[in-house]
Amino acid sequence: ARGLFKNIVQRYNDVQKIAKKAAYKPTIFSGHLYQGIWYTSMGQNYMANYYENAGADYIYKKVKGTGTMNLEFERVYMDASNAEYWLLILNHPGELTYNVIKQMDERYCEFAAFKNRKIICTNAYSSLFFERAEQEPDVVLADLTYALHPDLNPTYQPVYFKTLK
């Protein structure tokens with residue numbers, strides 16, 4: 001077990017070194033509406049740590065806490081409307097497309113990340129993200145680094161998170 005853990009740590013650190021080579025840290029936000037509330041990570045949440053380690057500038061990085069924030073759409077729109085990337089974890093029985101996301105809420109189309117086709121997503125319905133990603137943080141980090149900075153590792157094949165086409 002120690003050997004396996006040590007290898008994961010080494011691979012994670014190797015990916016983090018690659019991400020540090022990025023000349024630019026694009027802005028990113030995450031989450032979506034669920035029953036009228038937008039759930040997103042606080043600044044020290046494990047997902048926020050992934051964003052930082054992958055070479056992104058998370059819009060809520062200064063929010064203290066490791067949990068999740070419950071926000072109104074208007075607040076998120078005010079904070080994230082111009083963010084370059086949007087990370088989504090959805091559970092959808094079918095292919096995720098921009099049209100599917102638009103059908104979830106028309107207002108999503110107003111985000112710059114939607115308009116510029118820079119949504120990074122995993123479909124938990126088919127990706128096994130919730131079942132396996134906890135044991136593969138190095139893979140999650142590699143996926144996010146590739147989505148944000150594909151030029152740093154052009155031959156990488158994402159496992160969980162992909163840029164939506």
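These are my notebook entries on a predicted model, covering its sheet, core, surface and salt bridges.

**Entry 1: the sheet**

I began with the strand order. The model has an open sheet of five strands, and I read the order as 4-1-6-7-8 with mixed pairing. I then looked up which strands stand at the edges. Strand 4 (57-58) and strand 8 (162-163) do, and each has a single partner strand, so one side of each is left without a neighbour in the sheet.

I went through the pairings in sheet order. Strand 4 and strand 1 (residues 27-30) run parallel and are joined by two bridges. Strand 1 is also parallel to strand 6 (residues 85-90), with three bridges between them. Strand 6 pairs with strand 7 in the parallel sense over five bridges. Strand 7 (residues 119-123) pairs with strand 8 in the antiparallel sense, over two bridges.

**Entry 2: bridge partners**

Which residues does I28 pair with in strand 4 and in strand 6? In strand 4 I found Y58 as its bridge partner. In strand 6 the partner of I28 is Y85. Moving along the sheet, I noted W86 opposite I119 in strand 7. For the antiparallel pair I noted C121, which stands opposite K162 in strand 8.

**Entry 3: cover and core**

I checked how strand 6 is covered. Five of its six residues are buried, and I logged the strand as mostly covered.

Next I looked up the nonpolar cores. The largest has 51 residues, and W38, W86 and F111 have the most contacts inside it. Helix 8 gives the largest share of this core, seven residues.

I took F111 for a contact list. Apart from neighbours within four places in sequence, F111 touches F29, W38, F73, V76, Y77, A80, S81 and W86. The other two residues named for the most contacts in the core, W38 and W86, are therefore both on the contact list of F111.

**Entry 4: a nonpolar patch on the surface**

I searched the surface for nonpolar patches. Y34, I37 and Y39 make one of about 280 Å². Y34 belongs to strand 2 (residues 32-34). Its relative accessibility is 49%, and Y34 therefore counts as partly exposed. The cut-off for exposed is over 50%, so the label follows from the number.

**Entry 5: salt bridges**

The count of salt bridges came to eight. I wrote up three of them.

The first is R11 with D138, where the side chains meet at 2.6 Å, N to O. R11 is in helix 1 (residues 2-19) and D138 in helix 8 (residues 137-148), so I logged a link between distant parts of the chain, 127 residues apart. Is D138 buried or exposed? D138 has 7% relative accessibility and counts as buried. R11 is partly exposed, with a relative accessible area of 40%.

The second is E52 with K25, at 2.9 Å, N to O. E52 lies in helix 2 (residues 46-53) and K25 in the loop between helix 1 and strand 1, so the pair ties together parts 27 residues apart in sequence. E52 is partly exposed, with a relative accessible area of 41%. K25 also counts as partly exposed, at 38% relative accessibility.

The third is R107 with E74, whose closest N and O atoms are 3.9 Å apart. The salt-bridge cut-off is within 4 Å, so I kept the pair. R107 sits in the loop between helix 4 (98-104) and helix 5 (112-115), E74 in helix 3 (residues 73-80), and the two are 33 residues apart. R107 is partly exposed, with a relative accessible area of 35%. E74 is exposed, at 52%. I also noted that E74, D105 and R107 are linked in a network of salt bridges.

**Entry 6: one distance**

Last, I looked up R75, which is found in helix 3. R75 is partly exposed, with a relative accessible area of 40%. How far is R75 from Y160 in sequence and in space? I read 85 residues in sequence and 28 Å in space, C-alpha to C-alpha.

Terms used: Residues are numbered from 1 along each chain as its sequence is written. This is a predicted model: local features need pLDDT of at least 70, side-chain atom pairs count only at pLDDT 80 or more; totals for chains, interfaces and linings use all residues. Side-chain values use heavy atoms; hydrogens and water are left out. Two strands pair if DSSP finds at least two bridges between them. Helices (H or I, at least four residues) and strands (E, at least two) are DSSP runs, numbered from the N terminus. Patches are made of residues with over 30% relative accessible area and no salt bridge: like charges are joined within 9 Å, nonpolar side chains (Val, Leu, Ile, Met, Phe, Trp, Tyr) within 5 Å. Accessible areas come from the Shrake-Rupley method with a 1.4 Å probe; for residues, only the protein chains shown count as cover. Buried means under 20% relative accessible area, exposed over 50%, partly exposed in between (1.4 Å probe, protein chains only). A nonpolar core is a set of buried Ala, Val, Leu, Ile, Met, Phe, Trp, Tyr and Cys residues joined through side-chain atoms within 4.5 Å. Contact means heavy atoms within 4.5 Å.
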